[in-house]
Amino acid sequence: QAESYAFRQIIEPIALLLPGFELDREWAKACRARHMVFRRKPWRGTLAVEFYEMNAEFHAQLARCSGNRYLFDAIERQNQVRTFLNYEWPYGVDRVRASVEEHLAILDALERGENQHAAALMRSHLDNSKATQDRETQGRARPAAPAHR
């Protein structure tokens, strides 16, 4: 997971800055609507798959908008790897809500043509997601307290 995040932190913000980047406005409108609906849903664990699919599609479609098929292919491959890791969501509702808000902020910046700002927001979004994942991994990796005899 750490290598996946490191790779994504390199390529996803850059994808938004490529000269061929062109936001698909129809997709952005539909994506925003889906995020707004999801934002209003009370969180329950059964929404993990729907959340992951919305999240993966967001990242893949932004890579597609870059106009670079290699970046799009790389994100599609990352999404395939992430599928196994994210269909169960151990990170809590706060990270879900934060992720939705971060995605909407990225869309806002792209819709205004502020791709530099969107790239910075993407980097921050990936940093936040990685930090959450790191905390969860460290929490599971803590050794048990020694037993008293």
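**An all-helical chain and its core**

Six helices and zero strands make up the secondary structure of this chain, which is seen here as a predicted model. Read from one end of the sequence to the other, the pattern is α-α-α-α-α-α. The chain has 149 residues, and 40% of them are buried. Among contacts with a separation of 6 or more, 77% link residues 24 or more positions apart. The accessible surface comes to about 8700 Å², and carbon and sulfur atoms account for 54% of that area.

A good place to begin a tour of the interior is the largest nonpolar core, which has 17 residues. The members that touch the most others are Leu16, Leu23, Trp27, Phe58, Leu62, Ile106 and Leu110. At least two residues of this core come from each of helix H2 (25–40), helix H3 (48–65), helix H5 (92–111) and helix H6 (115–141). Phe58 offers a closer view of the packing: beyond its neighbours within four places in sequence, Phe58 is in contact with Trp27, Cys31, His35, His103, Ile106, Leu107 and Met122.

Some of these partners lead to helix H2, where Trp27, Ala28, Cys31, His35 and Phe38 are buried. Viewed down the axis of H2, the buried residues fall within an arc of 95 degrees, so they line one face of the helix. The other side of H2 carries Glu26, Lys29 and Arg40, which are exposed. With 16 residues, H2 reaches 23 Å from its first C-alpha to its last, close to the 22 Å expected at 1.5 Å a residue. Where H2 starts, a side-chain oxygen of Asp24 comes to within 3.2 Å of the backbone nitrogen of Glu26.

Helix H5 holds a further residue worth a visit, Glu102. Is Glu102 buried or exposed? Its relative accessibility is 17%, and because buried means under 20%, Glu102 counts as buried. Leaving out neighbours within four places in sequence, the residues in contact with Glu102 are Arg95, His125 and Asn128. Two of the contacts made by Glu102 can be described in detail. The side chains of Glu102 and Arg95 are joined by a polar contact of 2.6 Å, and a polar contact of 2.9 Å joins the side chain of Glu102 to that of Asn128.

Notes:
Residues are numbered from 1 along each chain as its sequence is written. This is a predicted model: local features need pLDDT of at least 70, side-chain atom pairs count only at pLDDT 80 or more; totals for chains, interfaces and linings use all residues. Side-chain values use heavy atoms; hydrogens and water are left out. A nonpolar core is a set of buried Ala, Val, Leu, Ile, Met, Phe, Trp, Tyr and Cys residues joined through side-chain atoms within 4.5 Å. Buried means under 20% relative accessible area, exposed over 50%, partly exposed in between (1.4 Å probe, protein chains only). Helices (H or I, at least four residues) and strands (E, at least two) are DSSP runs, numbered from the N terminus. Contact means heavy atoms within 4.5 Å. The expected span of a helix is 1.5 Å times one less than its number of residues. The arc is that of the directions from the helix axis to the C-beta atoms. A polar contact is a pair of N or O atoms within 3.5 Å; within protein, one must be able to donate a hydrogen and the other to accept it, and residues adjacent in sequence count only if both atoms are side-chain atoms. Accessible areas come from the Shrake-Rupley method with a 1.4 Å probe; for residues, only the protein chains shown count as cover.
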